[in-house]
Amino acid sequence: MTIATSLEDACCALASHPDALVLAGGTDLMVAVNRGDLPVHHVVAIGRVPELRGWRREGDHVRLGAALTYTDLLQPDLAVLQPALAQAARSVGSPQIRNTGTLGGNVATGSPAGDTIPVLAALDAVLELRSASGTREMRLDEFVTGVKRTALEGGELIEAIRVPVLDGPQEFCKVGTRNAMVISVVSLALVVDRSGRTVRVGLGSVAASPLRATEAEAYIGGHLDWDGGRPPSAEVVDRFTELVVGATSPIDDHRGSARYRRHAVGVLAGRALARAVGAA
Amino acid sequence: MSIDPYALTVNGREHEISEGWPGESLLWVLRERLGLPGSKNACEEGECGSCSVRLDGEIVCSCLVLAASAVGQEITTVEGIAPDGTLSDVQQAFVDAGAVQCGFCTPGLVMAIDVLLDSDTDPDDLTVREAISGNLCRCTGYGRVIEAVNLAAAFRRGETDL
Ligand SMILES: Cc1cc2nc3c(=O)[nH]c(=O)nc-3n(C[C@H](O)[C@H](O)[C@H](O)COP(=O)(O)OP(=O)(O)OC[C@H]3O[C@@H](n4cnc5c(N)ncnc54)[C@H](O)[C@@H]3O)c2cc1C
Ligand code: FES
Ligand code: FES
């Protein structure tokens with residue numbers, strides 16, 4: 001057991017125990033340990049590493065420490081810079097889970113239902129990975145390679161996640177069986193970048209790995225009244241939601257059928273767009 | 001294979017844990033090694049909140065805390081919120097409001113409500129529901145639980161006796 005108190009500490013411990021489990025908030029890991037699904041030998045706890053618990057603005061980006069908790073993401077001075085991430089954090093689990101579960105843990109778990117995943121996809125987030133032998137950077141879609149599969153190597157940590165600060169409204173929506181304590185059946189993040197005149201849409205729980213609705217993005221970007229601010233017509237909204245649905249490849253599972261997911265993601269797309277840019 | 005002995009600070013007292021195994025949760029250590037069965041074990045997967053404790057003041061599920069990772073942190077369980085043989089204001093409010101049926105969820109709810117009232121002695125209904133959204137109760141339907149919160153809140157504002 002290593003309770004790391006610095007980044008260097010954590011990397012050294014991982015270098016000498018490459019098979020060690022990295023423990024952040026434990027909200028995914030301990031469920032598996034309690035079930036007996038995950039043998040525990042050496043553990044490197046990173047939740048108390050100050051470098052991983054902080055965030056800072058760097059020009060037109062925010063650099064988020066991987067061990068920021070959902071409760072941290074809800075702090076007003078950060079939430080104002082990253083509203084969709086804050087909305088996603090707000091929807092996670094319960095106060096107990098939000099106090100311990102971390103951003104880095106959500107990404108490292110690599111679940112299609114992870115609520116920060118569609119937001120980070122929409123923001124083109126860049127992950128900073130670190131091990132004792134150096135650092136490397138990776139886009140989110142390169143990192144999450146399949147359902148709960150990632151490109152993380154033994155002895156390596158997610159150190160930070162970089163996201164841009166955008167000028168424009170952002171929305172995160174999620175469908176589940178109730179409001180609290182619910183894993184997404186489908187989720188969607190929509191962010192507007194007024195200066196770049198683009199709309200970016202990330203989708204959750206409708207494909208094996210992080211997904212962007214690129215055709216829908218290009219279509220709506222070309223049909224918004226960027227100068228006048230008039231809301232899009234009903235026909236434009238319909239075409240946009242159709243293209244979002246077309247981007248997905250959902251499956252049937254215990255949380256919902258593929259058919260329901262296709263329907264629900266269309267509803268979320270229309271709703272998020274209306275909230276962000278208004279409805280005619 | 002057991003791990004090196006470590007010390008946990010629970011309710012202000014230091015306890016040495018020896019011969020623990022590497023994956024033990026804080027909930028397990030509290031109940032089975034330290035004789036503190038107040039925190040309940042119902043799901044061991046973070047869903048029910050009956051194991052809720054305060055870790056450095058924040059409410060967490062002790063079933064999801066690896067015990068050996070909590071060294072040096074302040075752990076408060078339901079046993080630690082009032083002197084032995086007495087009830088805290090929230091506990092008394094539960095009795096007065098009739099918010100306890102089987103009682104299995106009660107320690108976790110008491111801890112969650114204690115945390116809420118520490119930061120807000122006049123929470124609105126939505127805030128109360130949000131604060132206890134991680135605590136499942138199979139018996140009461142939450143009506144009396146919410147009454148208990150309102151009673152304890154009024155007490156903390158100095159408006160009523162318990
Ligand atoms: C009751 C309950 C409700 C939940 N609700 C939601 C929900 O609504 N939405 C949602 O998205 N998730 C939910 N989850 C899942 C979980 O809370 C999140 O995925 C959380 O973000 C995991 O983070 P953690 O810090 O707890 O990770 P841990 O459990 O500590 O770790 C998870 C995995 O990530 C690895 N890891 C963690 N941090 C790093 C790092 N910095 N670098 C490299 N590897 C790392 C660990 O080794 C492990 O494999 C829920 C879980 C529970 C128990
Ligand atoms: S036993 Fe910990 S949340 Fe249910
Ligand atoms: S009183 Fe029985 S579960 Fe709440």
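**Cavities, a pocket and the A–B interface**

Hi everyone, let's start inside chain A. The largest cavity is lined by A:Gly110, A:Ser111, A:Pro112, A:Ile117, A:Val144, A:Leu203, A:Gly204, A:Ser205, A:Ala207, A:Ala208, A:Ser209 and A:Pro210. Please keep in mind that this is a predicted model. The volume of that largest cavity is about 50 Å³, and its lining has seven nonpolar and five polar residues, with no charged ones.

How many cavities of 30 Å³ or more are there? The count is two. The second largest cavity, at about 40 Å³, takes its lining from both chains: A:Gly25, A:Thr27, A:Gln96, A:Ile97, A:Thr100, B:Val60, B:Cys61, B:Leu64 and B:Val65. Helix α7 of chain A, residues 95–100, and strand β4 of chain B each supply at least two of these residues, and α7(A) has the largest share, with three. Five of the lining residues are nonpolar and four are polar, and again none is charged.

That brings us to the interface. Here 29 residues of chain B are in contact with 27 residues of chain A. The two chains bury about 2,100 Å² between them, and carbon and sulfur atoms give 57% of that. On the chain B side, B:Leu64, B:Leu66 and B:Glu130 lose the most area to chain A, together 24% of what that side buries. You'll remember B:Leu64 from the lining of the second largest cavity.

Now for the polar side of things. Between chain B and chain A there are three salt bridges and 10 residue pairs in polar contact, counting pairs with both residues at pLDDT 80 or more. Which elements of chain B each supply at least two residues of the side that touches chain A? They are β4 (58–61) and α4, with β4(B) giving the largest share, four residues. By class, that side of chain B divides into 13 nonpolar, 11 polar and five charged residues. In one salt bridge, the side chains of A:Arg98 and B:Glu130 meet at 2.6 Å, N to O.

B:Glu130 also leads us to my last stop, the second largest pocket. Its volume is about 740 Å³. Of its 24 lining residues, A:Arg178, A:Asn179, A:Ala180, B:Glu130 and B:Ser133 lie nearest the centre. From chain A, α6 (83–90), β11 (170–175) and α13 (258–277) each supply at least two lining residues, as does α4 (125–131) of chain B. The most comes from α4(B), with three residues. This lining includes charged residues, seven of them, alongside nine nonpolar and eight polar.

Thanks for listening, and I'm happy to take questions!

Conventions
Residues numbered from 1 in each chain as written. Chains lettered and ligands numbered in written order. Predicted model: local features only at pLDDT ≥ 70, side-chain atom pairs only at ≥ 80, totals over all residues. Heavy atoms only, no water. 1 Å grid on protein atoms, 1.4 Å probe; cavity = no way out; pocket = protein on both sides within 12 Å on 5 of 7 lines; lining within 4 Å. Points joined across faces, edges and corners; volume = space filled by probe spheres on them. Nonpolar A, V, L, I, M, F, W, Y, C, P; charged D, E, K, R; others polar. Contact = heavy atoms within 4.5 Å. Buried area = accessible area lost by both parts, 1.4 Å probe. Salt bridge = Lys/Arg side-chain N within 4 Å of Asp/Glu carboxyl O. Polar contact = N/O pair within 3.5 Å; in protein donor to acceptor, adjacent residues only side chain to side chain.
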